[in-house]
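Welcome! Take a moment to look over the chain and its fold, and then let us walk through it together, one feature at a time.

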Amino acid sequence: RPPNSFIIYRKEKHAELMSKSTGTSTLNNNVISKIVGTMWKQEPPEIKAMYAAKAQEEKRIHMLKHPDYKYRPKK
């Protein structure tokens, strides 16, 4: 399934946060998710639009690679 705008944003910010963290900090995925979620909420519409465009491009590429794909969540 292609990533949405927040997932793309989180992936980029996760890498940034990990590169800035020191060896003694306790950055795990739960902490990073909370930090990035707060950051996302504070981003201006222009930044969110940029990530929405990236998500649309990911979706287009996914459709080309998997033309018959249909999301079917397990019940």
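## Getting started

Helices here are DSSP runs of H or I with at least four residues, and they are numbered from the N terminus. With that in hand, we can place a first residue: S5 is found in helix α1. Please keep in mind that what you see is a predicted model.

## Helix α1 and its start

Helix α1 covers residues 5–20, which makes 16 residues. From its first C-alpha to its last it reaches 23 Å, close to the 22 Å expected at 1.5 Å a residue. At the N-terminal end, N4 acts as the cap of α1. A side-chain oxygen of N4 lies 3.1 Å from the backbone nitrogen of F6.

Which residues of α1 are buried? They are S5, I8, Y9, R10, K13 and L17. These buried residues pack against two other helices, α2 (29–42) and α3 (45–65).

## A closer look at S5

Is S5 buried or exposed? Its relative accessibility is 18%, and buried means under 20%, so S5 counts as buried. Leaving aside residues up to four places away in sequence, S5 touches W40, Y51, A52 and A55. Two of these neighbours, W40 and Y51, return in the next section.

## Aromatic rings

A pair of aromatic rings is described by the distance of the centres and the angle of the planes. How many aromatic pairs does a search of the whole structure find? The search finds four. One of the pairs is W40 with Y51: the ring centres are 6.2 Å apart and the planes stand at 75°, so this pair is edge-to-face. The pair links distant parts of the chain, since W40 sits in helix α2 and Y51 in helix α3, 11 residues apart.

Both W40 and Y51 are buried. Together with F6 and Y9, W40 and Y51 form one aromatic cluster. Another ring has a charged partner: R1 lies over the face of Y71, at 4.1 Å from the ring centre.

## Salt bridges

Searching the whole structure for salt bridges gives three. In one of them, E12 is joined to K54, with the closest N and O atoms 2.9 Å apart. E12 lies in helix α1 and K54 in helix α3, so this pair ties together parts that are 42 residues apart in sequence. E12 is partly exposed, with a relative accessible area of 29%, and K54 is partly exposed as well, at 30%.

The other bridges can be read with the geometry of a helix in mind. An α-helix has 3.6 residues a turn, so residues three or four places apart point the same way. E16 forms a salt bridge with K13, where the closest N and O atoms are 3.6 Å apart. These residues are three apart in helix α1, so about one helical turn separates E16 from K13. How do the partners fare for exposure? E16 is partly exposed at 34% relative accessibility, whereas K13 is buried, with a relative accessible area of 14%.

In helix α3, R60 and E57 are also three residues apart, so about one helical turn separates them. Their side chains meet in a salt bridge at 2.7 Å, N to O. R60 counts as partly exposed at 44% relative accessibility, and E57 counts as partly exposed at 35%.

## Near and far along the chain

What happens before α1 begins? P2 has its place in the segment before α1, and at 25% relative accessibility P2 counts as partly exposed. P2 and K59 are 57 residues apart in sequence, yet their C-alpha atoms are 5.4 Å apart in space. Not counting residues up to four places away in sequence, P2 touches E58, K59 and H62.

For another pair, turn to A53, which lies in helix α3. A53 is partly exposed, with a relative accessible area of 47%. A53 and H14 are 39 residues apart along the chain, and 20 Å separates their C-alpha atoms.

## Looking back

Where do the buried residues of α1 lead you? They lead to α2 and α3, against which they pack. A salt bridge between E12 and K54 also ties helix α1 to helix α3, while the W40 and Y51 pair links helix α2 with helix α3.

Technical notes
Residues numbered from 1 in each chain as written. Predicted model: local features only at pLDDT ≥ 70, side-chain atom pairs only at ≥ 80, totals over all residues. Heavy atoms only, no water. Expected span 1.5 Å × (residues − 1). Buried < 20%, exposed > 50% of the residue type's maximum accessible area, 1.4 Å probe, protein only. Contact = heavy atoms within 4.5 Å. Polar contact = N/O pair within 3.5 Å; in protein donor to acceptor, adjacent residues only side chain to side chain. Phe/Tyr/Trp six-rings, centres within 6.5 Å; stacked < 30°, edge-to-face > 60°. Lys NZ or Arg CZ within 6 Å of the ring centre and 35° of its normal. Salt bridge = Lys/Arg side-chain N within 4 Å of Asp/Glu carboxyl O.
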